[in-house]
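Me: I've got a structure open and I'd like to learn how to read it. Could you walk me through a few features?

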Amino acid sequence: MENFEKRLEDYAKLIVEVGVNVQKGQPVEIRIAADQYVFAEKLTKAAYEAGASSVRVDFNHQPLSLLHNQYKTVEKLAEVSAEDKARLEYSVENLPAMIAITSADPDGLKGMDMAKQQKASAIRYPIIKPYIDKMESKYQWVIAGAASPAWAQKVFPDLPAEEALAALWDAIFKTSRMEAGTDPVKNWDKHNASFKAHMDWLNEQHFDYLHYKSPKGTDFKAWLHPKVKWLGGGEKLHGGPERLGHEVFYNPNMPTEEIFTTPMKGKAEGTVYSTKPLSYMGQLIENFSITFKDGKAVEWQAESGSEVLDKMITMDENAAYIGELALVPDSSPISQSGILFYNTLYDENASCHIALGAGFPDLYEDYDKYSREELEKLGINDSMIHVDFMIGSNELDIDGYTKDGKCVPIFRKGEWAFEV
Ligand code: ZN
């Protein structure tokens, strides 16, 4: 137990120092579930020790969200009160570092009226959008996980409650590169250096398209966008040197394993086979394949969960188009764990993947000069959904083709095929 306490403290420190990289005198906000009060205390202590001027903890609790959804009218759910506005203004002015901890029961919002919730968000969003825009990329944020009993039981249904909880914490520590006997801060420095080297290499190649092949049946080509870059790992705070006199490097996702891009809308051909189950809208879709023509999913089948797959791909008119291509080596800790976490933060980093639905506008060169509609026309897909599904394995090969027909190996048997 003493050992666990120490690991929890190390993890809190990692999130505060390497995740959001709290600056001296900066306020910090923590969003965390009410049953994680022990971890909230560790994070708060780590934040003060890193120099935070104040730490505010916002506790949430799934059963309360359910009650609000049940009893509030849409108007009340959507309401942005004077108090909310004052807080948003404070955030715009003081740019607190934001720490969000995900630990929820994957089935904990069953029975929520999602249509009501979506209606409320549609009213609320335009009211808070101006505040969000003013803060955009000016503050550090991080999402990281914490084990809860209900989540642990979902991930390890065959283990007794206590063992399941311990196993999930262990998986969270390991996938966050906190292997026992190593220095997690150094691990993350190395991890980010590797990200940068691979990302720079990919951006320098200016590939026209990628060709994916695996013995399982994947034979798929996706064309890249000449004005869209590859991105992965930590980020530099926008305007850090101007405002603070130095760069601030932070890691918005812990863990993170992917280098990703948004491909050209309308240009993908062939078939991909899933290599891990996909949990979508509370149901599992297993052993499925999707065939693309002119960038659009035209045929698909699944061994189980095919009705959910139908629903997902036909959600709106652009849900059948691709929003993301991501590269993740098979040797990465999440992939090696073989665990289905039922949580996007972990599962989206499990392996090489494709996302159906919306692309990432901010990967486009000079993206802030265009509206979302213009970017859509320029080839960045937009949709209500963005769903990652895994196609990577230790058998996946990927080649990059340049405009003049040169073929360069990118992945061989699920690992990077080039030296950086
Ligand atoms: Zn991704």
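Reply: Sure, let's start with one histidine. His-353 is buried, with a relative accessible area of 0%. Buried here means under 20% relative accessible area, exposed means over 50%, and partly exposed is in between (1.4 Å probe, protein chains only). Before we go on: this is a predicted model, where local features need pLDDT of at least 70, side-chain atom pairs count only at pLDDT 80 or more, and totals for chains, interfaces and linings use all residues. Residues are numbered from 1 along each chain as its sequence is written, and side-chain values use heavy atoms, with hydrogens and water left out.

Me: What are the protein donors of the zinc ion?

Reply: Donors are N, O and S atoms within 2.8 Å of the metal (3.2 Å for Na, K and Ca); water is not among the atoms, so sites may look incomplete. Here the zinc ion has Glu-258 (OE), Glu-324 (OE) and His-353 (NE2) as its protein donors, 1.9 to 2.2 Å away. Along the sequence, the spacing of these donor residues reads E-x65-E-x28-H. Glu-258 sits in the loop between strand 10 and strand 11, while His-353 belongs to strand 17 (residues 353-357), so this pair ties together parts that are 95 residues apart in sequence. Helices (H or I, at least four residues) and strands (E, at least two) are DSSP runs, numbered from the N terminus.

Me: Is Glu-258 buried or exposed?

Reply: Buried, with a relative accessible area of 6%. Thr-256, in the loop between strand 10 (253-254) and strand 11 (259-261), is buried as well, with a relative accessible area of 8%.

Me: Which residues does Thr-256 touch?

Reply: Contact means heavy atoms within 4.5 Å. Not counting residues up to four places away in sequence, Thr-256 touches Trp-188, His-191, Phe-195, Gly-233 and Asn-349. For contrast, try Glu-49 in helix 2 (residues 37-49): Glu-49 is exposed, with a relative accessible area of 60%. Its C-alpha atom and that of Thr-256 are separated by 25 Å, and the two residues are 207 residues apart along the chain.

Me: How do I check a helix, then? What should helix 8 span?

Reply: The expected span of a helix is 1.5 Å times one less than its number of residues. Helix 8 (residues 161-175) has 15 residues, so it should span 21 Å, and its end C-alpha atoms are indeed 21 Å apart. Next, look at which way things point. An α-helix has 3.6 residues a turn, so residues three or four places apart point the same way. The buried residues of helix 8 include Ala-164, Leu-168, Ala-171 and Thr-175. After the helix comes Arg-177, with a positive phi near 60 degrees.

Me: And strands? Which ones join strand 14?

Reply: Two strands pair if DSSP finds at least two bridges between them. Strand 14 (residues 283-293) runs antiparallel to strand 12 (residues 268-273), with four bridges; Val-272 faces Ile-290 there. Strand 13 (residues 278-280) is also antiparallel to strand 14, through three bridges, and Tyr-280 has Gln-283 as its bridge partner. Seven bridges link strand 14 with strand 15 (residues 296-304), again antiparallel, and Ser-289 stands opposite Gln-301.

Me: Where are the hairpins?

Reply: Strands 13 and 14 form one with two residues between them, and Met-281 in the turn has a positive phi of about 50 degrees. Strands 14 and 15 form a hairpin too, with two residues between them; here Asp-294 in the turn has a positive phi of about 50 degrees.
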